[in-house]
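Here is a short report on one protein chain, meant to be read with the fold on screen. It starts with the strands, then turns to the helices and the core.

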Amino acid sequence: MPAAGAPHGLNHAKRWMIPRFCRTPAAGNLPSVEGVSLKLEETLFTAEEIRRRVEELSDLIRADYGGRDLHLVAMMKGSLFFAADIIRALGRRVTLGCLVASSYRERTVSEGNVELLTQGMGEVKGRHVLVVDDIVDTGYTLEKIREVLLAHEPATLKFAVFLDKVEMRKVAFDVDYVGYIIPPKWVVGYGLDCAEQYRELGSIRVIDPAGDENGI
Ligand code: IMP
Ligand code: MG
(Lines give C-alpha, C1' and ligand atoms only; values in the text may rest on other atoms or scores of the structure.)
(Ligands and ions follow the chains in the order given, each with its own letter.)
Protein backbone atom coordinates (compact mmCIF):
# COMPACT_ATOMS: atom_id res chain seq x y z
CA MET A 1 0.00 0.00 0.00
CA PRO A 2 1.37 3.46 -0.80
CA ALA A 3 1.96 5.65 2.23
CA ALA A 4 -0.03 8.87 2.51
CA GLY A 5 1.94 11.61 0.78
CA ALA A 6 3.70 9.25 -1.63
CA PRO A 7 0.86 7.92 -3.77
CA HIS A 8 1.86 5.86 -6.77
CA GLY A 9 4.86 8.08 -7.49
CA LEU A 10 2.57 10.89 -8.60
CA ASN A 11 4.06 14.12 -9.80
CA HIS A 12 2.00 16.56 -7.79
CA ALA A 13 2.64 19.32 -10.29
CA LYS A 14 -0.36 17.74 -12.04
CA ARG A 15 -2.51 19.17 -9.27
CA TRP A 16 -3.04 22.29 -11.40
CA MET A 17 -5.47 20.29 -13.48
CA ILE A 18 -8.03 20.38 -10.71
CA PRO A 19 -10.03 23.59 -10.68
CA ARG A 20 -8.95 25.72 -7.71
CA PHE A 21 -12.41 27.07 -7.23
CA CYS A 22 -15.14 26.47 -9.74
CA ARG A 23 -17.37 29.50 -9.74
CA THR A 24 -20.95 29.08 -10.80
CA PRO A 25 -21.11 31.02 -14.06
CA ALA A 26 -23.68 33.63 -14.94
CA ALA A 27 -26.44 32.22 -17.14
CA GLY A 28 -25.20 31.65 -20.67
CA ASN A 29 -21.52 31.81 -19.79
CA LEU A 30 -19.09 28.93 -19.69
CA PRO A 31 -17.94 27.65 -16.32
CA SER A 32 -14.67 29.27 -15.38
CA VAL A 33 -11.81 28.77 -13.01
CA GLU A 34 -10.15 31.95 -11.85
CA GLY A 35 -11.65 33.74 -14.82
CA VAL A 36 -10.55 31.16 -17.41
CA SER A 37 -13.37 29.54 -19.37
CA LEU A 38 -13.52 25.78 -19.42
CA LYS A 39 -13.59 24.14 -22.81
CA LEU A 40 -14.85 20.61 -23.24
CA GLU A 41 -12.09 18.39 -24.56
CA GLU A 42 -11.92 14.72 -25.50
CA THR A 43 -14.58 12.16 -24.75
CA LEU A 44 -13.24 9.45 -22.45
CA PHE A 45 -16.37 7.28 -22.49
CA THR A 46 -19.46 7.46 -24.66
CA ALA A 47 -22.97 6.93 -23.32
CA GLU A 48 -23.00 3.46 -24.88
CA GLU A 49 -19.67 2.49 -23.26
CA ILE A 50 -20.97 3.76 -19.93
CA ARG A 51 -24.16 1.73 -20.28
CA ARG A 52 -22.23 -1.47 -21.02
CA ARG A 53 -19.76 -0.94 -18.15
CA VAL A 54 -22.57 -0.25 -15.67
CA GLU A 55 -24.20 -3.52 -16.70
CA GLU A 56 -20.93 -5.40 -16.13
CA LEU A 57 -20.53 -3.84 -12.68
CA SER A 58 -24.14 -4.61 -11.82
CA ASP A 59 -23.64 -8.25 -12.83
CA LEU A 60 -20.67 -8.47 -10.44
CA ILE A 61 -22.58 -6.81 -7.61
CA ARG A 62 -25.66 -9.01 -8.12
CA ALA A 63 -23.51 -12.15 -8.06
CA ASP A 64 -21.54 -11.04 -4.97
CA TYR A 65 -24.58 -10.14 -2.86
CA GLY A 66 -26.76 -13.04 -3.94
CA GLY A 67 -30.07 -12.88 -2.10
CA ARG A 68 -28.73 -10.78 0.75
CA ASP A 69 -30.48 -7.63 1.79
CA LEU A 70 -28.67 -4.66 0.19
CA HIS A 71 -28.67 -1.03 1.29
CA LEU A 72 -27.23 1.32 -1.30
CA VAL A 73 -25.93 4.71 -0.19
CA ALA A 74 -25.54 7.20 -3.05
CA MET A 75 -23.14 10.12 -2.69
CA MET A 76 -24.78 13.39 -3.65
CA LYS A 77 -24.78 14.82 -6.12
CA GLY A 78 -22.32 13.40 -8.61
CA SER A 79 -23.35 9.75 -8.28
CA LEU A 80 -27.05 10.35 -9.02
CA PHE A 81 -26.89 9.04 -12.58
CA PHE A 82 -24.55 6.14 -11.79
CA ALA A 83 -26.55 5.05 -8.74
CA ALA A 84 -29.84 5.18 -10.65
CA ASP A 85 -28.37 3.12 -13.49
CA ILE A 86 -26.86 0.57 -11.08
CA ILE A 87 -30.17 0.14 -9.26
CA ARG A 88 -32.09 -0.40 -12.52
CA ALA A 89 -29.45 -2.76 -13.90
CA LEU A 90 -29.39 -4.77 -10.67
CA GLY A 91 -33.09 -5.42 -11.16
CA ARG A 92 -33.49 -6.56 -7.57
CA ARG A 93 -34.81 -5.05 -4.38
CA VAL A 94 -32.50 -2.56 -2.70
CA THR A 95 -33.09 0.12 -0.12
CA LEU A 96 -31.62 3.53 -0.86
CA GLY A 97 -30.02 6.25 1.23
CA CYS A 98 -27.88 9.24 0.38
CA LEU A 99 -24.95 11.14 1.82
CA VAL A 100 -23.86 14.69 1.09
CA ALA A 101 -20.15 15.54 1.27
CA SER A 102 -18.58 18.97 1.28
CA SER A 103 -17.50 20.01 -2.18
CA TYR A 104 -14.28 21.25 -3.72
CA ARG A 105 -15.85 24.66 -3.86
CA GLU A 106 -15.31 25.02 -0.16
CA ARG A 107 -11.67 23.98 -0.43
CA THR A 108 -8.76 25.15 -2.55
CA VAL A 109 -7.85 21.54 -3.28
CA SER A 110 -8.94 18.32 -1.62
CA GLU A 111 -7.13 18.50 1.70
CA GLY A 112 -8.90 15.91 3.73
CA ASN A 113 -11.27 18.11 5.72
CA VAL A 114 -14.36 16.38 4.35
CA GLU A 115 -17.69 17.03 6.03
CA LEU A 116 -20.62 14.64 5.71
CA LEU A 117 -24.36 15.16 6.13
CA THR A 118 -25.80 11.82 7.21
CA GLN A 119 -29.50 12.56 7.73
CA GLY A 120 -30.57 10.76 4.55
CA MET A 121 -28.34 7.71 4.74
CA GLY A 122 -31.01 5.37 6.13
CA GLU A 123 -30.64 2.39 8.48
CA VAL A 124 -27.07 1.06 8.32
CA LYS A 125 -26.68 -1.04 11.47
CA GLY A 126 -26.53 -4.73 10.64
CA ARG A 127 -27.13 -4.09 6.92
CA HIS A 128 -25.06 -4.95 3.84
CA VAL A 129 -24.12 -1.46 2.73
CA LEU A 130 -22.80 -0.49 -0.70
CA VAL A 131 -21.65 3.12 -1.06
CA VAL A 132 -21.89 4.43 -4.63
CA ASP A 133 -19.83 7.44 -5.71
CA ASP A 134 -19.03 9.08 -9.01
CA ILE A 135 -15.26 9.37 -8.75
CA VAL A 136 -12.41 8.83 -6.32
CA ASP A 137 -9.51 11.25 -6.46
CA THR A 138 -7.41 11.79 -3.32
CA GLY A 139 -9.46 9.20 -1.43
CA TYR A 140 -10.24 11.57 1.45
CA THR A 141 -13.99 11.51 0.80
CA LEU A 142 -14.30 7.72 0.77
CA GLU A 143 -11.99 7.41 3.78
CA LYS A 144 -14.25 9.76 5.72
CA ILE A 145 -17.35 7.87 4.63
CA ARG A 146 -15.84 4.57 5.69
CA GLU A 147 -14.98 5.97 9.13
CA VAL A 148 -18.47 7.43 9.62
CA LEU A 149 -20.37 4.38 8.33
CA LEU A 150 -18.29 1.84 10.26
CA ALA A 151 -19.28 3.68 13.44
CA HIS A 152 -22.89 2.74 12.56
CA GLU A 153 -21.93 -0.98 12.53
CA PRO A 154 -23.02 -2.27 9.10
CA ALA A 155 -22.84 -6.06 8.57
CA THR A 156 -20.60 -5.37 5.54
CA LEU A 157 -19.41 -2.20 3.83
CA LYS A 158 -18.29 -1.97 0.20
CA PHE A 159 -17.67 0.82 -2.31
CA ALA A 160 -18.60 1.16 -5.98
CA VAL A 161 -17.09 4.08 -7.88
CA PHE A 162 -17.57 4.82 -11.55
CA LEU A 163 -14.21 6.56 -12.12
CA ASP A 164 -10.90 6.26 -10.30
CA LYS A 165 -8.07 8.79 -10.66
CA VAL A 166 -5.75 6.32 -9.02
CA GLU A 167 -2.62 8.45 -9.61
CA MET A 168 -4.06 11.22 -7.45
CA ARG A 169 -4.52 9.11 -4.35
CA LYS A 170 -3.25 10.66 -1.11
CA VAL A 171 -4.64 8.00 1.21
CA ALA A 172 -4.63 4.31 0.45
CA PHE A 173 -8.17 3.22 -0.36
CA ASP A 174 -9.26 0.05 -2.08
CA VAL A 175 -12.50 0.38 -4.03
CA ASP A 176 -14.46 -2.85 -4.46
CA TYR A 177 -16.11 -2.03 -7.81
CA VAL A 178 -14.47 0.41 -10.26
CA GLY A 179 -15.91 1.39 -13.62
CA TYR A 180 -12.78 2.86 -15.17
CA ILE A 181 -9.34 4.07 -14.08
CA ILE A 182 -8.71 7.48 -15.65
CA PRO A 183 -5.77 9.92 -15.88
CA PRO A 184 -5.58 12.85 -13.43
CA LYS A 185 -7.71 15.27 -15.43
CA TRP A 186 -10.93 17.05 -14.50
CA VAL A 187 -13.89 15.25 -16.06
CA VAL A 188 -17.56 16.13 -16.40
CA GLY A 189 -20.75 14.48 -17.59
CA TYR A 190 -22.84 11.53 -16.42
CA GLY A 191 -23.58 13.47 -13.24
CA LEU A 192 -20.07 14.88 -12.69
CA ASP A 193 -19.78 18.64 -12.78
CA CYS A 194 -17.56 21.65 -12.71
CA ALA A 195 -19.25 24.63 -11.10
CA GLU A 196 -22.56 22.76 -11.42
CA GLN A 197 -22.11 22.64 -15.18
CA TYR A 198 -22.11 19.73 -17.64
CA ARG A 199 -23.75 17.14 -15.36
CA GLU A 200 -26.30 16.52 -18.12
CA LEU A 201 -23.81 15.21 -20.68
CA GLY A 202 -24.41 11.56 -21.52
CA SER A 203 -20.70 10.93 -22.03
CA ILE A 204 -17.65 11.55 -19.82
CA ARG A 205 -15.64 14.50 -21.17
CA VAL A 206 -12.36 16.11 -20.11
CA ILE A 207 -12.35 19.81 -19.31
CA ASP A 208 -9.47 21.92 -20.47
CA PRO A 209 -8.72 24.63 -17.90
CA ALA A 210 -6.99 26.74 -20.57
CA GLY A 211 -9.77 26.52 -23.14
CA ASP A 212 -11.80 29.57 -24.07
CA GLU A 213 -14.67 28.35 -26.17
CA ASN A 214 -17.49 25.87 -25.89
CA GLY A 215 -16.45 22.55 -27.39
CA ILE A 216 -19.82 20.83 -27.29
P1 IMP B 1 -11.57 12.97 -3.13
O2 IMP B 1 -11.98 13.19 -1.70
O3 IMP B 1 -10.37 13.81 -3.49
O4 IMP B 1 -11.39 11.52 -3.49
O5 IMP B 1 -12.72 13.62 -3.99
C6 IMP B 1 -13.78 12.93 -4.50
C7 IMP B 1 -14.89 13.88 -4.92
O8 IMP B 1 -14.38 15.03 -5.62
C9 IMP B 1 -15.80 13.21 -5.89
O10 IMP B 1 -16.85 12.54 -5.22
C11 IMP B 1 -16.28 14.35 -6.76
O12 IMP B 1 -17.41 14.97 -6.16
C13 IMP B 1 -15.14 15.33 -6.76
N14 IMP B 1 -14.29 15.16 -7.96
C15 IMP B 1 -13.00 14.72 -8.00
N16 IMP B 1 -12.53 14.71 -9.25
C17 IMP B 1 -13.54 15.15 -10.03
C18 IMP B 1 -13.65 15.37 -11.47
O19 IMP B 1 -12.73 15.15 -12.27
N20 IMP B 1 -14.86 15.85 -11.89
C21 IMP B 1 -15.90 16.11 -11.07
N22 IMP B 1 -15.83 15.91 -9.73
C23 IMP B 1 -14.66 15.44 -9.22
MG1 MG C 1 -18.66 13.49 -5.00
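Two strands count as paired if DSSP finds at least two bridges between them. One such bridge joins H71 to V129 in strand 8. This is a predicted model.

## Overview

The chain holds three helices and twelve strands. Of its 216 residues, 37% are buried. Among contacts with a separation of 6 or more, 71% link residues 24 or more positions apart.

## The six-stranded sheet

Which order do the six strands of the open sheet follow? The order is 7-6-5-8-9-10, and the pairing is mixed. Strand 7 and strand 10 stand at the edges. Each has a single partner strand, so one side of each has no neighbour in the sheet.

Strand 5 covers residues 71–76, and strand 6 covers residues 95–101. They pair in the parallel sense over six bridges. M75 has L99 in strand 6 as its bridge partner. Between these strands the chain passes through helix 2, residues 80–90, and this β-α-β crossover is right-handed.

Strand 5 also pairs with strand 8, again in the parallel sense, over four bridges. The H71 and V129 bridge belongs here. On the other side of the order, strand 6 meets strand 7, residues 116–117. Those two run antiparallel and share two bridges. V100 stands opposite L117 in strand 7.

T95 lies in strand 6. Is T95 buried or partly exposed? T95 has 13 other C-beta atoms within 10 Å, so it is partly exposed; a buried residue needs 20 or more. Leaving out residues up to four places away in sequence, T95 touches H71 and G122. T95 and L72 are 23 residues apart in sequence, yet their C-alpha atoms are 6.1 Å apart in space.

## The three-stranded sheet

A further open sheet has three strands in the order 4-12-11, with antiparallel pairing. Strand 4 (39–45) and strand 11 (187–188) stand at its edges. Each of these has a single partner strand, so one side of each is left without a neighbour in the sheet. Strand 4 pairs with strand 12, residues 204–208, over four bridges. K39 stands opposite D208 in strand 12.

The strand pairs with stated bridge counts are these:

| Strand pair | Sense | Bridges | One bridge or opposed pair |
|---|---|---|---|
| Strand 5 and strand 6 | parallel | six | M75 and L99 |
| Strand 5 and strand 8 | parallel | four | H71 and V129 |
| Strand 6 and strand 7 | antiparallel | two | V100 and L117 |
| Strand 4 and strand 12 | antiparallel | four | K39 and D208 |

## Helix 1

Helix 1 spans residues 47–65, 19 residues in total. From its first C-alpha to its last it reaches 27 Å, close to the 27 Å expected at 1.5 Å a residue. Its buried residues are I50, V54, L57, S58 and I61. Seen down the axis, they fall within an arc of 105°, so they line one face of helix 1.

What covers the buried residues of helix 1? The cover includes strand 4, helix 2, strand 8, strand 9, strand 10 and strand 12. The face turned away from the buried side carries the exposed residues E48, R52, E56, D59 and A63. Just after helix 1, G66 takes a positive phi of about 50°.

## Helix 2

In helix 2, the buried residues are F81, F82, A83, D85, I86 and L90. They pack against helix 1, strand 5, strand 8 and strand 9. Just after helix 2, G91 takes a positive phi of about 60°.

## The nonpolar core

In soluble globular proteins, nonpolar side chains tend to be buried together. Here the largest nonpolar core has 46 residues. Those with the most contacts inside it are V73, I86, L130, V131, V132 and A160. Strand 8 gives the most to this core, with six residues.

Which residues does L130 contact, leaving aside its neighbours within four places in sequence? They are I61, L70, L72, K158 and A160. Of these, I61 is one of the buried residues of helix 1. I86, also listed among the core residues with the most contacts, is one of the buried residues of helix 2.

Definitions and conventions. Residues are numbered from 1 along each chain as its sequence is written. Chains are lettered from A and ligands numbered from 1 in the order in which they are written. This is a predicted model: local features need pLDDT of at least 70, side-chain atom pairs count only at pLDDT 80 or more; totals for chains, interfaces and linings use all residues. A crossover is right-handed if, with the strands pointing away from the viewer, the path from the first strand over the helix to the second runs clockwise. A residue is buried if 20 or more other C-beta atoms lie within 10 Å of its own, exposed if 12 or fewer, and partly exposed in between; C-beta atoms are placed from the backbone. Two residues are in contact if their C-beta atoms, placed from the backbone, lie within 7 Å. The expected span of a helix is 1.5 Å times one less than its number of residues. The arc is that of the directions from the helix axis to the C-beta atoms. A nonpolar core is a set of buried Ala, Val, Leu, Ile, Met, Phe, Trp, Tyr and Cys residues joined through C-beta atoms within 7 Å.
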